[in-house]
Amino acid sequence: MNFYRSFSRSWIAKDIENESSQELYMSKSNSLKKRKQSRRPKVLNLAGLPHKTRGQDDKFLLALRLAYALRAMEIFNDSSQERFQYFYALLGPGYRQPFFKTIRDRIYRRISAASAALMDADASDEAWPVSYKTLLNESIDLLETGANLSRLCINKKAAKIINIIFKDLFIQKLETLKTSESAPIENHFTELKNIFKLNPAELKIIEIGYLWNIDSTFNDYFMDYLKLKEIQANVVNLARLLDQKQDAIVNALDLNGILVSGNFFHSDGRNSDGSLESLQYKTVSFLSGSLKGCITDSLFTEYTGTDVLPISKFHADKDKVALLKKLLTSSPGMNILLYGTPGTGKTEFTKSMGRHLKKRVYFITQGDGEGVAERRQAIMACMNTVKPEDSIIVVDEADRLLNSIFSFFTGGEKIEKAWINRLLEESKAKIIWISNAVDYTEESVLRRFNYSMKFKRFTKKERQEIWRTQLVKNNLLKRFSDDDIEQLSQTYPVSAGAVSNALRDVQATLKSNPSCGKDEIIKGLGLILESHATLLFGEKPKAARVNAKNYSIAGLNTDADLNDIHHTLKEFLIHLEKQEEPLIKNMNLLLYGPAGTGKTEYAKFLSRDLKKDLVTKRASDLISPYIGMTEKYIKSAFEEAGHEEAILFIDEADSFLINRESALRSWEISQTNELLTQMENFKGVFISSTNFQDNLDKASLRRFNLKIGFDYLKPEGCLTFFKKVLSDLIQDQPDDANIQAAFQGIDRLTPGDFKVVWQKNAFKSDKISFAAIKAQLINEIKTRDNAWAKKLGF
């Protein structure tokens with residue numbers, strides 16, 4: 001290399017300096033005026049390239065590369081191997097021979113003689129490099145790679161001349177690519193610009209990003225060698241290359257800008273060091289034409305179905321629905337949040353609302369693997385594409401978009417709260433956001449919604465209405481009785497959509513097998529709904545809670561008249577149903593007494609007798625190790641029962657109604673306070689049971705309207721439960737008088753003891769004697785007493 005630097009001082013270099021660049025490197029057919037006009041080419045305009053075949057797209061992209069290469073010549077004073085390698089690749093086979101011919105004619109013919117003379121004069125110097133002639137010949141032999149081109153630049157003038165040769169050939173090549181028609185890829189760029197409202201700087205960044213993705217040599221030179229992807233350090237050069245103002249480039253690559261927040265680039269568009277990421281695959285595919293249809297087809301879809309329920313069929317507050325209609329028909333810029341338990345009809349309600357208001361409804365895509373960034377991009381595209389005055393945009397399953405608290409730990413992505421807030425404030429579209437929960441949505445996001453509606457779990461009546469509506473819709477109502485509908489609605493807590501799908505499957509089965517009986521239809525329907533519920537909730541649906549067939553209140557030993565209790569509760573429910581502002585809005589029952597005396601079964605009996613669903617909660621359902629969560633679960637239990645218009649039964653109430661005078665921890669007091677508050681405000685029947693009445697908070701006892709003590713069975717009660725539970729197991733059954741006499745003196749038997757003994761003997765092939773049964777019952781008492789003694793430490 002030192003040789004070539006010293007060689008620049010020779011007469012050859014001086015000769016090059018004295019000859020004009022026009023005379024050396026311009027073709028005789030090119031005028032000086034034409035050359036001056038082409039000295040500062042702009043980045044190629046995207047208009048005017050062929051489009052009839054795939055080859056026209058290639059020509060368009062080649063012209064784009066050439067334009068960027070010409071722009072780079074103006075900006076970067078560079079004679080590196082990386083530059084010439086890229087430039088050489090751009091020439092293509094048809095222009096490489098003229099390139100070297102120009103060098104041979106304009107440089108080599110002037111230095112070959114001098115180079116040979118110098119070589120001959122010092123042939124003994126082994127360190128002397130090859131001659132320029134040899135070097136040039138080597139370069140010509142490597143036409144496919146363009147290797148060693150930088151070695152031809154023996155000095156700055158030679159480098160300048162070679163760059164000018166490249167420039168002139170690039171301009172000539174550009175002239176051959178021009179056309180009055182548009183290439184398909186150009187149309188794709190224009191479509192992308194219109195869909196996302198891209199400004200010129202944003203479009204240029206996508207343009208260069210696309211070339212970066214598809215052309216490794218472009219990437220090697222512009223992005224890696226010139227380090228243009230390191231935007232923090234090279235934003236000035238990037239702006240000059242794109243022929244844009246520096247501020248425009250900075251704003252286009254801002255974290256809150258559409259390119260970054262709209263998921264045009266991988267990751268969040270920017271690496272931790274501020275460097276630019278590559279374009280997303282979807283964007284590249286669309287621009288390349290390999291993505292089927294318009295890019296919007298993969299971002300949002302219009303709902304065109306007609307099979308929707310009337311708005312009146314949804315069990316929502318009429319006043320709230322009326323207000324929602326007004327909001328969705330008002331001026332643009334409305335964000336509505338629908339949230340609540342999965343399967344409560346939020347999505348179907350939205351479809352029906354759109355149909356009722358005669359609005360076009362567009363659903364944001366939520367395909368496999370769609371993350372937060374992808375959905376943000378889809379929302380932007382939809383807002384820019386549809387007409388806000390006659391459209392509703394629906395963001396279904398929006399939990400990951402809205403739940404910004406702990407988002408990285410729950411979904412692996414950090415939600416940009418600022419983006420959501422800005423969208424909610426600035427949007428001119430009508431958007432309905434549907435989420436199952438808002439527990440992890442920040443208050444600053446929630447308060448920006450114009451309106452919200454909570455969808456609660458369907459009540460028993462609502463579920464039955466859904467079943468009837470779907471049965472009528474599928475012409476199957478005549479095949480199902482009211483009892484069938486009640487049992488199905490109570491057993492399978494699935495959405496209206498799941499019911500509709502299951503009934504369609506039944507219809508298809510009936511077409512192929514019209515002789516199917518009702519039992520077979522219900523069995524098949526149950527299996528379909530069971531699989532659906534198991535898939536959604538992770539467990540098989542539980543059948544409705546009913547009493548054992550051998551349960552009877554007649555034999556119970558209580559300190560209250562149970563018939564009078566039943567009459568009181570029935571009259572209370574009638575009063576509650578008739579009065580908007582009832583004098584008494586709750587009836588709280590406390591069932592207390594030893595374990596096994598029939599308290600839980602009595603709660604089930606009341607539910608059946610009063611024709612009310614029973615919401616049962618045990619301590620394990622409500623107690624949480626996290627501060628404040630137990631109180632939240634207690635409140636939710638009362639809300640669930642209130643919404644269902646059901647009886648709420650909390651077993652093991654002593655776990656919550658701790659005596660506050662002896663409480664050691666603050667949360668013990670707060671749990672008791674929460675339960676007492678909910679009892680006071682609850683509208684309906686609340687039942688609580690405990691085995692340890694003495695441990696209850698004294699003040700809480702005043703909150704129970706009715707208190708029923710359950711005790712061990714009396715002999716007549718033992719006779720009742722023996723006949724109902726155990727009589728079928730006895731081989732020689734005594735008469736009633738002898739049975740009752742046999743239980744005299746056994747004073748701690750419970751209905752639960754009879755149940756346990758029946759379970760022990762139910763599957764024996766031979767019947768057993770009364771004496772053996774009696775002995776087993778007495779043994780149950782001893783076992784229980786021994787366990788109690790050990791618990792007390794005796």
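**View 1. Lys454 sits in strand β6, which covers residues 451-455.** This is a predicted model, as are all the close-ups here. Lys454 has a relative accessible area of 47%, so it counts as partly exposed. Have a look at the lysines around it: Lys320, Lys454, Lys456 and Lys635 form a positive surface patch.

**View 2. Phe349 and Phe455 meet edge-to-face.** A search of the whole structure turns up 30 aromatic pairs. In the pair of Phe349 and Phe455, the ring centres are 5.3 Å apart and the planes make an angle of 65°. The angle is over the 60 degrees that edge-to-face calls for, so the label fits. Phe349 comes from helix α18 (residues 346-356) and Phe455 from strand β6, so this contact links parts of the chain that are 106 residues apart. Both partners are tucked away: Phe349 is buried at 1% relative accessibility, and Phe455 is buried at 7%.

**View 3. Phe721 and Phe754 make a tilted pair.** Here the ring centres are 6.4 Å apart with the planes at 35°, which is why the pair counts as tilted. Phe721 belongs to helix α33 (residues 715-726) and Phe754 to helix α35 (residues 751-761), with their positions 33 residues apart in the chain. Phe721 has a relative accessible area of 4%, which makes it buried. Phe754 is buried too, at 0% relative accessibility.

**View 4. Ring pairs build a cluster of Phe and Tyr residues.** The Phe members are Phe84, Phe87, Phe166, Phe170, Phe218 and Phe222. Tyr68, Tyr86, Tyr221 and Tyr225 are linked into the cluster with them.

**View 5. Asp439 and Lys632 join up in a salt bridge.** The search of the whole structure finds 21 salt bridges. For Asp439 and Lys632, the N to O distance is 3.7 Å. The two residues are 193 residues apart: Asp439 lies in the loop between β5 (430-435) and α23 (443-446), while Lys632 is in helix α31 (residues 629-644). Asp439 is exposed, with 52% relative accessibility, and Lys632 is partly exposed at 37%.

**View 6. Glu640 pairs with Lys617.** Their side chains form a salt bridge with an N to O distance of 3.3 Å. Helix α31 supplies Glu640, and strand β9 (residues 614-617) supplies Lys617, 23 residues apart from it in the chain. Glu640 is partly exposed, at 29% relative accessibility. Lys617 comes in at 18%, so it counts as buried.

**View 7. Asp651 and Arg618 tie two loops together.** The salt bridge between their side chains is 2.9 Å from N to O. Asp651 lies in the loop between β10 (647-650) and α32 (666-681), whereas Arg618 lies in the loop between β9 and α30 (619-622), so the bridge ties together parts 33 residues apart in sequence. Asp651 is buried, with a relative accessible area of 11%, whereas Arg618 is partly exposed at 38%.

**View 8. Arg71, Glu74 and Asp243 belong to one network.** Salt bridges with shared partners are what join these residues.

Terms used:
Residues numbered from 1 in each chain as written. Predicted model: local features only at pLDDT ≥ 70, side-chain atom pairs only at ≥ 80, totals over all residues. Heavy atoms only, no water. Patch = residues over 30% accessible without salt bridge, like charges linked within 9 Å, V, L, I, M, F, W, Y side chains within 5 Å. Areas by Shrake-Rupley, 256 points an atom, 1.4 Å probe, with all protein chains shown as cover. Salt bridge = Lys/Arg side-chain N within 4 Å of Asp/Glu carboxyl O. Lys, Arg positive; Asp, Glu negative; His and termini not counted. Charge placed at Lys NZ, Arg CZ, Asp CG, Glu CD. Helix = DSSP H or I, 4+ residues; strand = E, 2+ residues; numbered from the N terminus. Buried < 20%, exposed > 50% of the residue type's maximum accessible area, 1.4 Å probe, protein only. Phe/Tyr/Trp six-rings, centres within 6.5 Å; stacked < 30°, edge-to-face > 60°.
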